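Biologist: I would like to learn how to read a model of this kind one feature at a time, with the general idea stated before the particular case. Could we have the sequence and the structure in front of us while we talk?

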Amino acid sequence: MDGGLVCRRTVALCVLLGALAVEAAPPEAQGWRAEVVTRGLEHPWAIAWLPDGTALISERPGRLRRLATDGRLDPTPIEGVPEVLAEGQGGLLDVAPHPDFARNRLVYLSYAEGTARANRTALARARLVDGALRDLERLYANPGSKRDTQHFGSRILWLDDDSLLLSIGDGGNPPIRFAGGLIREQAQRLDSHFGKILRLRADGSPHPDNPWYAAGGARAAIHSLGHRNIQGLARDPASGRVWANEHGARGGDELNRIIPGANYGWPEVTTSHEYWGPAISSVHQRADITAPLLEWTPSKAPSGLAFYSGRHFPAWRGDLFSGALKFGEVRRIDLEDGVVVGEERLTIGTRVRDVREGPDGHLYVLTDAPDGALLRIVPD
């Protein structure tokens with residue numbers, strides 16, 4: 001862990017694994033309130049702003065919505081979205097405009113495709129022209145087809161060189177199997193994309209700087225391995241460090257700093273337990289495994305992840321904000337020079353799917369519900 005570990009009163013236990021284990025209910029953050037920007041979203045999954053100040057919001061059933069600068073939600077979904085598998089955890093998931101959207105009009109979408117018995121995570125792009133997606137291209141699909149509708153991962157994060165990171169889930173919980181074993185074991189295999197972060201060029205091809213690029217085949221796209229189900233990716237605008245929060249099973253949710261070529265252990269090295277009781281592994285640390293910087297037990301079910309750099313909450317600048325589906329919260333993760341030093345909670349009261357900083361310097365929160373909402377966090 002970079003820079004050591006500092007314990008504060010908000011911390012329940014400092015463990016020797018290099019991770020910071022925190023209590024289930026850290027202190028409530030003060031001096032904020034949530035105001036409703038818009039309602040009427042059906043299980044929204046992600047929000048992304050365009051250069052003109054409007055925003056795109058994905059809805060898991062397979063719709064892409066446009067939000068005007070005044071907060072009005074266009075009642076007509078954007079046409080041209082790819083066909084998705086909207087079952088279980090699948091559907092239309094992340095949305096990420098190309099960094100040069102103002103010139104090329106490209107929008108990238110991650111989603112689940114296929115059937116309940118044969119499905120995968122996919123990535124597509126299209127041009128947003130006159131309120132519709134045109135020239136849709138399917139850039140990537142996981143080479144492995146899986147059963148059941150769990151653990152698609154699916155967060156997209158752009159890097160400075162206009163390459164992107166894409167998280168791919170481990171495929172699901174026991175008894176789901178793949179290639180003769182439990183599918184989650186694929187997270188440790190370099191010939192599989194399950195349980196990985198991929199680094200792709202803008203055209204969907206593997207980035208040549210990837211650690212296993214020279215190995216060819218499916219390995220070429222792998223950036224890091226040993227992940228369960230990453231649904232939050234964020235880049236520190238100051239340092240360039242990439243962070244991810246990912247689901248454990250019963251306990252053992254993790255916050256990790258992503259390093260190219262690193263192995264994060266799942267399912268061989270974890271503090272998580274099976275949903276029916278026993279520990280998934282007796283190994284909690286190993287020399288070749290990159291330890292998490294923060295663990296959540298009980299699980300908070302981490303979702304969207306964002307750095308804050310706005311002017312409205314000066315004390316929050318440089319900190320991470322992580323959604324918590326299970327507890328209906330946003331967690332403020334206090335960072336000092338890349339070290340986790342504490343945690344607070346912002347109680348939202350319903351499942352939080354995404355957390356982003358808007359162009360106005362406010363934090364925005366999407367709630368995961370049949371009648372979901374977009375909320376803005378403002379000073380109280």
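Modeller: Let us start with Pro298, which sits in the loop linking strand E20 (294-296) to strand E21 (302-307); helices (H or I, at least four residues) and strands (E, at least two) are DSSP runs, numbered from the N terminus. The peptide bond that leads from Thr297 into Pro298 is cis, and its omega is near 5 degrees. Before going further, please keep in mind that this is a predicted model, in which local features need pLDDT of at least 70 and side-chain atom pairs count only at pLDDT 80 or more, while totals for chains, interfaces and linings use all residues. Residues are numbered from 1 along each chain as its sequence is written, and side-chain values use heavy atoms, with hydrogens and water left out.

Biologist: Which residues does the other cis peptide bond, with omega about 15 degrees, join?

Modeller: That cis bond joins Pro174 and Pro175. Pro175 also belongs to a loop, namely the one between strand E12 (164-168) and strand E13 (177-178).

Biologist: Where do we find a positive phi at a residue that is not a glycine?

Modeller: Asp148 is one such residue, with a phi of about 70 degrees, and its place is the loop between strand E10 (132-141) and strand E11 (156-158). Asp162, likewise not a glycine, has a positive phi of about 65 degrees and lies in the loop between E11 and E12.

Biologist: Is Asp148 buried, exposed or partly exposed?

Modeller: The classes rest on relative accessible area, where buried means under 20%, exposed over 50%, and partly exposed in between (1.4 Å probe, protein chains only). Asp148, at 33%, is therefore partly exposed, and because its value is 30%, Asp162 is put in the partly exposed class too.

Biologist: Let us turn to a buried residue with a charged side chain. Where is the place of Asp368?

Modeller: Asp368 is in the loop that runs between strand E26 (363-367) and strand E27 (372-379), and it counts as buried because its relative accessibility is 6%. For its partners we need the polar contact, a pair of N or O atoms within 3.5 Å; within protein, one must be able to donate a hydrogen and the other to accept it, and residues adjacent in sequence count only if both atoms are side-chain atoms. The side chain of Asp368 makes one such contact with the side chain of His43, at 2.8 Å, and another with that of Arg353, at 3.3 Å. If we count every contact (heavy atoms within 4.5 Å) and set aside residues up to four places away in sequence, Asp368 touches His43, Leu325, Arg351 and Arg353.

Biologist: With which side chain does the side chain of Thr54 make a polar contact?

Modeller: The partner is Arg66, at 3.0 Å. Thr54 lies in the loop between strand E4 (44-49) and strand E5 (55-59), and its relative accessible area of 11% is why it is classed as buried. Beyond its neighbours within four places in sequence, Thr54 is in contact with residues including Trp49, Arg66 and Leu67.

Biologist: How many residues apart in sequence are Leu346 and Ala29?

Modeller: They are 317 residues apart in sequence, yet their C-alpha atoms are 5.7 Å apart in space. Leu346 lies in strand E24 (residues 339-347) and counts as buried, because its relative accessibility is 1%. Among the residues that it touches, not counting those up to four places away in sequence, are Ala29, Trp32, Trp316, Phe321 and Ile377. Ala141, found in strand E10, offers another pair: its C-alpha atom is separated by 6.4 Å from that of Leu123, 18 residues apart along the chain.

Biologist: Finally, how many helices and strands does the secondary structure of the protein chain come to?

Modeller: There are one helix and 27 strands. Of the contacts with a separation of 6 or more, 57% are between residues 24 or more positions apart, and buried residues make up 59% of the 380 residues. The radius of gyration, taken over C-alpha atoms, is compared with a globule rule of 2.2 Å times the number of residues to the power 0.38; the chain has 19 Å, which agrees with the value near 21 Å for a compact globule of 380 residues. Along the principal axes, the C-alpha atoms fill a box of roughly 55 × 50 × 40 Å.
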